[in-house]
Every structure is written in structure tokens, then in C-alpha cells.
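Please describe how the two protein chains of this model meet, what surrounds the ligand, and which local features of the fold deserve a careful look.

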Amino acid sequence: MEKVVFKRPKYIKKVPFHYCPGCGHSIIHRLIAEVIEELDIGEKTICVPPAGCAVLAYDYFDIDMGEAPHGRGAALATGVKRILPDKMVFSYQGDGDIAAIGTAETIHAANRGENITVIFVNNSCYGMTGGQMAPTTLLGQNSTTTPGGRDKDRDGSPIDLSEMLAITKGAVYIERTAVNSIKNIIKTKKAIAKAFKVQMAGLGFSLVEILSPCPTNWKMSPVDACEWIDDGVMQTFPLKIVKDETS
Amino acid sequence: MILVDGMMSQMMEPVIFPDPVNLTELPPKPWVLDGANGRPSRIIKSLILGTVEMEEHNWKLARKYETISREIANAETYMTEDARFVVVAYGTAARVAKGSIKRAREMGLKVGLLRPVTLWPFPERVIREMSRSVKDFLVFEMNTGQMLDDVKLSLEGRSNVHFYGRPGGIVSTPDEIAKVISSLYYRQHLEED
Ligand SMILES: Cc1ncc(C[n+]2csc(CCOP(=O)(O)OP(=O)(O)O)c2C)c(N)n1
Ligand code: SF4
Ligand SMILES: [Mg+2]
């Protein structure tokens, strides 16, 4: 008898993704869809996609999707969740989206302890617009706006948004994971599931920061990009549970 | 979009609220995002990436604007029936202008006010029709002339357009504008029949 061990998740539509080969967004979409299916919350979940490569998530997830203006995911999610407190509401945001133009909205949503979940995809650049420096770009990292590498004196140092959010009283659960290896992918899925459960239990603000490869703008092969997350990105953004007040 | 000037946040006066809207009679919301329970999932978005779809959408918006221009472009008139001289002003400037028009009327000058209620779309038809009997318009603004071109374009040279404006700082008084009106009125010989 046949046993299905791998299939398209129920809440991903049957359309091709536009993501580049080796892009972390594809993996993260799958993980979220799997968690939604496993928690059986597809019919009560609303996702707020960002401005960024993942804006087209609205064409990929087979759940209700409401696009936010650039950076305002947490603000829009706040509105939806407050009107519909029994639904599951999460925003999906890139590092340029959340840590630059959307910093204020994000910090205040966390500080108010909004009962929402934020999936924060950190690929250390503005992916969609062609690889400009983001607040999270590493020192020395090349980008189209930091040719020759990000310079601390000229460009400032990478910002650790998760740590910043962790000091707010309303943030309950924040974890930084990565999708550059099987092991890390499994851990990421667990973190997403935990964040959703935090919301379902009404505990407050939860966020998973996911270090994600952008081979196209990093100008690397997908394999090298995954390795560089270990050797480069994690040196600045170490994987860890940044805050956990659930127990 | 409602255009407000700084004065609005600094004044108080009695207002009469319209009757409250009956919230039980709102139209259905077939677009709402409340979880795709027993129905297909929905998308609310502003992004249109396809060039063909984008142009179609922009034409749709253009047609919508045409309809709006026809249906909601609107202006209030005050003492314009017999006016030979009309002040065009909006917002706080229109309030100041009303006071100045009362003073001008006391001096026996036939002056009225045209207050665009909507600035975009601009009530060009109202102004153009008025140009049949009014040959002198004074655009009065609390800036250096942001509406001036709209008035000139609406009139297409049919009447004279004068301007008086002061940038942010000191707010003009009704007396000050009454002086501007009367000096223009006599300069244009409008007191003669
Ligand atoms: C208000 C506004 N400013 C600028 C843009 C252009 N823009 C689109 S995506 C983007 C950056 C996205 O970077 P990130 O959030 O890191 O997402 P990624 O594409 O890397 O996943 C920018 C600046 C926009 N859409 N809206
Ligand atoms: S540009 Fe980067 S983030 Fe965007 S789809 Fe390609 S690999 Fe992914
Ligand atoms: Mg990014």
C-alpha cells in the first residue's frame, strides 16, 4: 500500500512560486502552511503579507490575506485581531519592512502586548527592490547601496530588532531561528507552531525571526548562501530564544 | 481627503451633528477577511503587478474621477445674486472673506463670495457660469496662490482675476480684505452702471 510522506500542504494553492531558486521564503511558506494544517486553524487564520518579495504570499496561501502598506503589518494585524479576537492573525514581514520603515509600529504593537504573531524573515537586505542595505545588513556586507561593504561609521551597525522588542513588557515569546539546514528548518517549524499557540492561548505578542537566504542579492549559489548564514549572519544574529515568558 | 488648515485645530464653535447612521442597515461585506470558513479564501490588496491589469485599473479610476467631478464638485455662494465682484476663497480664508463682504456691502459695494467646497474636483462650471455677469474675481488665500491657477483655468480669460494672499504667519482680518476689495472695486470702476 502507498503511504504519502510528502505532499503539498493543504493551505498552499496549486500555483508556481515566483521565488528565486534557493530562496528562504519558499521554505518558510511551506512551514507556516504545515503548521496551520496541523493546528487545524486554516478556516480562522488571517495573514497580513508585507511589501517585499513575499507580498505575493497573498497568491500562495489559501487563507484570507490582507496586504499591509510597507512596514505596517503589525499595525494592520492589530486592527484585525482586535475586531476578531477569536481568529488567528499573523503578519509576515521582511527585515527591510519590519526593521526600517515599520520599526515604530512593530515596537508599539509588541509593547501593547497585542495578541498577534509576527513572522519576521531576515535576509539581511532589501530583496525585492534589488539588494539595497537594510538595517540588518552585516558590517562588511556588500549591497547595492554599500558597495565595498557596510561601514559602521558611515552606515551604522546592524540592528537587532528581536532584542529590542524583547525588552518591551508586552512581548511574550520571541525566538530567532534559521532555514539554512534541515535541523534549523525543523526548529523553525517548532518555533512557528509555538508562536501560534501563544496567540491561541491569548498570552500576548509573539514573533519568530527567521534567518533566510537570498542567494540572488547575496550573489551566491543557494548552497553557499546557506553556509554563509552559519559563518556570517549567525555571528551577528545568533540563534536563540530571545524571550520566553510562556512558562 | 479632507483639506484642513491649522486654524481648524485652534478654534471652537457650536456644531450641529447630522442624524446618526443606522449601523444595522450597512450594505453586506462580501470582501471581509474573517477566516475562509466554508467559503473560498479572499485577498485584499492594493498591488497590481500586471501592466495590462494596471492600465485597466487606472482607466477605471479615471472614469470614477470623471463621475465624481460631475456629481460632487461643489461650491457655496454667498450674496452673489447681484454681485459685480466676487471673492473666491476656501477654508478659513472664506470665513474671513464673509466678514469682509458684509463690510463691503455696508459700503454699498455689490460683492459676493464663491467658496469651493471641493477643491479637487474643482467646481469650474460654477465659476465659469458666474463669469457671464461677473467680470472681476478676487482670489483670496492664506498662502501665495495655490488655487489661483484653478480659477484662471476655469475662467479661460473670460473675466479678470486678481489675487491677494499672505503666507502662514499673520491671519488677514475682514477689515484688511474689505480694503483690498474696495480698492479693486473702484479701480475697476464697478461702482458705475
Ligand atoms: C512606502 C513604500 N516604500 C518603498 C517601497 C518599495 N519597497 C518594496 S519592497 C521593499 C523592501 C523590502 O525588503 P524586505 O522587507 O527586507 O523584504 P524582502 O524582499 O527582502 O523579503 C521596498 C523598499 C514600498 N513598497 N512602499
Ligand atoms: S530576491 Fe532574494 S528574497 Fe527575493 S525571491 Fe529572490 S532570493 Fe528570495
Ligand atoms: Mg529582506
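## Salt bridge and polar contacts between the chains

In this predicted model, chain B and chain A are joined by 1 salt bridge, in which the side chains of A:Asp64 and B:Arg39 come together at 2.6 Å, N to O. Polar contacts between chain B and chain A amount to 11 residue pairs, counted where both residues have pLDDT 80 or more. Sorted by class, the side of chain B that touches chain A is made up of 7 nonpolar, 5 polar and 4 charged residues.

## Extent of the interface

The size of an interface is often expressed as the accessible area that is lost when the parts come together. For chain B and chain A the buried area is about 1,300 Å², and 50% of it lies on carbon and sulfur atoms. On the chain B side, B:Leu33, B:Ser41 and B:Ile43 provide 34% of the area that this chain buries against chain A, which is more than any other three residues supply.

Counted by contact, 16 residues of chain B and 18 residues of chain A take part.

## A sheet that crosses from one chain to the other

The two chains also meet through backbone pairing, since strand 2 of chain A (residues 64-66) and strand 1 of chain B (residues 43-44) run parallel and are joined by 2 bridges. Within this pairing, A:Gly66 has B:Ile44 as its bridge partner in strand 1 of chain B. The salt-bridge residue A:Asp64 falls in the range of strand 2 of chain A, residues 64-66.

These strands belong to an open sheet of 8 strands with mixed pairing, in the order 7(A)-5(A)-6(A)-4(A)-3(A)-1(A)-2(A)-1(B). Strand 7 of chain A (240-244) and strand 1 of chain B stand at the edges with a single partner strand each, so one side of each has no neighbour in the sheet. Further inside the order, strand 4 of chain A (residues 117-122) pairs with strand 6 of chain A in the parallel sense over 6 bridges, and A:Ile119 stands opposite A:Val208 of strand 6.

## Surroundings of ligand 1

Around ligand 1 there are 16 residues, of which A:His25, A:Asp95, A:Gly96, A:Asp97 and A:Gly127 come nearest. Three of these names recur when oxygen atoms of the ligand are examined: a polar side-chain atom of A:His25 lies 2.8 Å from an oxygen atom of ligand 1, a backbone N or O atom of A:Gly96 is likewise placed 2.8 Å from an oxygen atom of the ligand, and a polar backbone atom of A:Asp97 is 2.7 Å from one.

## Links within chain A

Over all chains, the whole structure contains 23 salt bridges. One of them joins the side chains of A:Arg176 and A:Glu209 at 2.9 Å, N to O; this pair links distant parts of the chain, with A:Arg176 in strand 5 (residues 171-178) and A:Glu209 in strand 6 (residues 205-211), 33 residues apart. Both partners are also in contact with A:Asp160, as is A:Phe237, once the neighbours of A:Asp160 within four places in sequence are left aside. A:Asp160 itself sits in the loop between helix 6 (152-155) and helix 7 (161-166) of chain A, where a polar atom of its side chain lies 3.1 Å from the backbone nitrogen of A:Glu163.

Elsewhere, A:Lys10 is located in the segment before helix 1 (24-39) of chain A. Its C-alpha is 6.6 Å from that of A:Glu37, although the two residues are 27 apart in sequence, and its side chain makes a polar contact of 3.3 Å with the side chain of A:Tyr11.

## Backbone details in loops

Two loop positions can be noted for their backbone geometry. In chain B, the peptide bond from B:Trp120 to B:Pro121 is cis, with omega near 10°, and B:Pro121 belongs to the loop between strand 4 (111-116) and helix 3 (124-130) of that chain. In chain A, A:Ser124 has a positive phi of about 50° although it is not a glycine, and A:Ser124 lies in the loop between strand 4 and helix 6.

Key:
Residues are numbered from 1 along each chain as its sequence is written. Chains are lettered from A and ligands numbered from 1 in the order in which they are written. This is a predicted model: local features need pLDDT of at least 70, side-chain atom pairs count only at pLDDT 80 or more; totals for chains, interfaces and linings use all residues. Side-chain values use heavy atoms; hydrogens and water are left out. Contact means heavy atoms within 4.5 Å. Buried area is the accessible area (1.4 Å probe) that two parts lose on being put together, summed over both. A salt bridge is a side-chain nitrogen of Lys or Arg within 4 Å of a carboxyl oxygen of Asp or Glu. A polar contact is a pair of N or O atoms within 3.5 Å; within protein, one must be able to donate a hydrogen and the other to accept it, and residues adjacent in sequence count only if both atoms are side-chain atoms. Ala, Val, Leu, Ile, Met, Phe, Trp, Tyr, Cys and Pro count as nonpolar, Asp, Glu, Lys and Arg as charged, and the others, Gly among them, as polar. Two strands pair if DSSP finds at least two bridges between them. Helices (H or I, at least four residues) and strands (E, at least two) are DSSP runs, numbered from the N terminus. A residue is near a molecule or strand if one of its heavy atoms lies within 4 Å of it.
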